[in-house]
Amino acid sequence: MWLNILIMNNLSENILQDLYQNKSNNGYITIDEFVTLYGLSGELIKSELEQLKDDGLIVEHEEGYKISTEGQNAGMTKWI
């Protein structure tokens, strides 16, 4: 059980960091791109994306997922 929690926390942080680093491009990353990037199931990634979205750290668009202003602020405290 604790391993699943550890993986989920690391996955959430990795997703947020990838979206943060991608903000200077078009800013959007799709679930398929995350699946390719991480080699994990789309269901697991979707679950993490939904949690990040519920926390207000990312937003969902037709083009994919993008970091929100709140997510950018959180990222600046960690990655700059």
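Author: A salt bridge is taken here as a side-chain nitrogen of Lys or Arg within 4 Å of a carboxyl oxygen of Asp or Glu. The structure discussed below is a predicted model.

Reader: How many salt bridges does the count come to by this rule?

Author: Side chains of opposite charge can pair when their charged atoms come close. In this predicted model, applying the 4 Å rule gives a count of salt bridges that comes to four.

Reader: Which residue forms a salt bridge with Lys46 at 3.1 Å between the closest N and O atoms?

Author: The partner lies in helix α3, which covers residues 42-54, and is four residues apart from Lys46, so about one helical turn separates the two. Both side chains are partly exposed, Lys46 having a relative accessible area of 28% and the partner one of 24%. The closest N and O atoms are 3.1 Å apart, and the residue that completes this salt bridge with Lys46 is Glu50.

Reader: What is the N to O distance in the salt bridge where the side chains of Lys46 and Glu60 meet?

Author: This pair links distant parts of the chain, with Lys46 in helix α3 and Glu60 in strand β1 (residues 58-61), 14 residues apart. Glu60 is partly exposed, its relative accessible area being 36%. The salt bridge between the side chains of Lys46 and Glu60 has an N to O distance of 3.7 Å.

Reader: Which residues are joined into one network by salt bridges that share partners?

Author: Glu60 also forms a salt bridge with Lys53, whose closest N and O atoms are 2.6 Å apart, and Lys53 is partly exposed at a relative accessible area of 26%. Through shared partners, the salt bridges join into one network the residues Lys46, Glu50, Lys53 and Glu60.

Reader: Which element gives the largest share of the largest nonpolar core?

Author: In soluble globular proteins, nonpolar side chains tend to be buried together. The largest nonpolar core has 14 residues, of which Ile15, Leu19, Phe34, Leu49 and Ile58 touch the most other members. Two or more residues come from each of α1 (2-22), α3 and β2 (64-67), and the largest share, five residues, comes from α1.

Reader: In what sense do β1 and β2 pair?

Author: The two strands form a hairpin with two residues between them, and His61 stands opposite Gly64, which belongs to β2. Over four bridges, the sense in which β1 and β2 pair is antiparallel.

Reader: Is Ile67 buried or exposed?

Author: Ile67 is found in strand β2, and, leaving aside neighbours within four places in sequence, Ile67 is in contact with Leu16, Leu19, Tyr20, Lys23, Leu57, Ile58 and Gln72. Its relative accessibility is 4%, and because the cut-off for burial is under 20%, Ile67 counts as buried.

Reader: What separation do the C-alpha atoms of Ile67 and Lys53 have?

Author: Lys53 is the residue whose salt bridge partner is Glu60, while Ile67 is found in strand β2. Ile67 and Lys53 are 14 residues apart along the chain, and their C-alpha atoms are separated by 9.1 Å.

Key
Residues numbered from 1 in each chain as written. Predicted model: local features only at pLDDT ≥ 70, side-chain atom pairs only at ≥ 80, totals over all residues. Heavy atoms only, no water. Buried < 20%, exposed > 50% of the residue type's maximum accessible area, 1.4 Å probe, protein only. Core = buried A, V, L, I, M, F, W, Y, C linked by side-chain atoms within 4.5 Å. Pairing = 2+ DSSP bridges. Contact = heavy atoms within 4.5 Å.
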